[in-house]
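The following explanation is intended to be read alongside the sequence and the coordinates. Please keep both in view while following the text.

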Amino acid sequence: MLPLSTLQGALQSLSKTYDLRPAGKLVIAVAILGKSRYLGVNEYRTHPDMYSLKASGIVVCYVHAEQRAIAKVPRQSRSKVSLYVFRVLKSGGLTMAKPCPLCQIYLQREGVEDIHYTDWSGAWRSL
Ligand SMILES: [Zn+2]
């Protein structure tokens with residue numbers, strides 16, 4: 001399994017834009033294709049619902065980290081990526097980031113097969 005140090009460069013570029021450790025609320029997805037890295041983060045405070053009904057009656061769709069990362073990968077290459085999804089705690093440790101059922105359907109439809117995520121103990125698991 002991929003050590004987190006391999007993602008260090010990708011994480012550094014992300015950390016210029018995002019606080020990567022807001023109590024583990026940010027999910028980070030990195031799709032690796034050869035030497036290319038495609039990054040995605042979820043929108044803050046959205047999980048687990050992809051849709052929410054605002055008081056105004058407007059339905060808002062939230063995009064998850066996995067979808068953001070994969071959407072950047074050229075369509076014809078999506079079956080060749082390795083996707084890593086993880087969540088960083090304030091302590092710097094990793095915690096649960098299993099793709100939600102809707103993301104799993106999306107990833108399957110896009111042909112992404114090599115999917116890894118961190119579990120509650122921070123260990124990598126494969127879908
Ligand atoms: Zn999801």
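The paragraphs below proceed from the overall layout to the core, the strand pairing, the helix packing and one exposed position.

The model under discussion is predicted. The protein contains three helices and eight strands, and from the N terminus on these elements follow the order α-β-β-β-β-α-β-β-α-β-β. Of the 127 residues in the protein, 27% are buried. Among contacts with a separation of 6 or more, 57% join residues that lie 24 or more positions apart.

The nonpolar core offers a starting point. In soluble globular proteins, nonpolar side chains tend to be buried together. Here the largest nonpolar core has 25 residues, and the members that touch the most other members are Ile28, Ala29, Ala31, Ala69, Leu83, Val85 and Phe86. At least two core residues are supplied by each of strand E1 (27–33), helix H2 (65–72), strand E5 (82–88), helix H3 (101–109) and strand E7 (114–118). E1 gives the largest share of this core, namely six residues.

Strand E5 merits separate attention. Six of its seven residues are buried, so that E5 is mostly covered. Which residues does Val85 touch, not counting residues up to four places away in sequence? The contacts of Val85 are with Val27, Ala29, Ala65, Glu66, Ala97, Pro99 and Tyr117.

The pairing of E5 with other strands can be followed next. E5 and E1 run antiparallel and are joined by six bridges; in this pairing, Ser82 of E5 is the bridge partner of Ile32. With E7, E5 pairs in the parallel sense over four bridges, and Tyr84 stands opposite His116 in E7. A further pairing links E5 to strand E6 (residues 94–95), in the antiparallel sense and over two bridges. There, Val88 stands opposite Leu94 in E6. E5 and E6 form a hairpin with five residues between the strands, in which Gly92 takes a positive phi near 100°.

Attention now turns to the helices. Two packed helices are described by the angle between their axes and the distance between the axes. For H2 and H3, the packing angle is about 15° and the axes are 9 Å apart. Angles under 35 degrees count as roughly parallel, and H2 and H3 are therefore roughly parallel to each other. H2 passes H3 in a left-handed crossing. The residues that make the contact are Glu66, Gln67 and Ile70 on H2, together with Cys103, Tyr106 and Leu107 on H3.

Which residues of H2 are buried? In this helix, Ala65, Glu66, Gln67, Ala69 and Ile70 are buried. The cover over the buried residues of H2 includes E1, E2, E5 and H3. Several of these residues recur in the description above: Ala69 is among the core members that touch the most others, Ala65 and Glu66 are among the residues touched by Val85, and Glu66, Gln67 and Ile70 take part in the contact with H3.

One position in strand E2 (residues 36–41) concludes the account, namely Ser36. Is Ser36 buried or exposed? A residue counts as exposed if 12 or fewer other C-beta atoms lie within 10 Å of its own; because Ser36 has 12 C-beta neighbours inside 10 Å, it counts as exposed. The C-alpha atom of Ser36 is separated by 9.3 Å from that of Val73, although these two residues are 37 residues apart along the chain.

How values were computed: Residues are numbered from 1 along each chain as its sequence is written. This is a predicted model: local features need pLDDT of at least 70, side-chain atom pairs count only at pLDDT 80 or more; totals for chains, interfaces and linings use all residues. A nonpolar core is a set of buried Ala, Val, Leu, Ile, Met, Phe, Trp, Tyr and Cys residues joined through C-beta atoms within 7 Å. A residue is buried if 20 or more other C-beta atoms lie within 10 Å of its own, exposed if 12 or fewer, and partly exposed in between; C-beta atoms are placed from the backbone. Two residues are in contact if their C-beta atoms, placed from the backbone, lie within 7 Å. Two strands pair if DSSP finds at least two bridges between them. Axes are lines fitted to C-alpha atoms, for helices over the stretch in contact, and angles run from 0 to 180 degrees between N-to-C directions. Angles under 35 degrees count as roughly parallel, over 145 as roughly antiparallel, 65 to 115 as roughly perpendicular and the rest as oblique. A crossing is left-handed if the near helix is turned anticlockwise from the far one by less than a right angle, and right-handed if clockwise.
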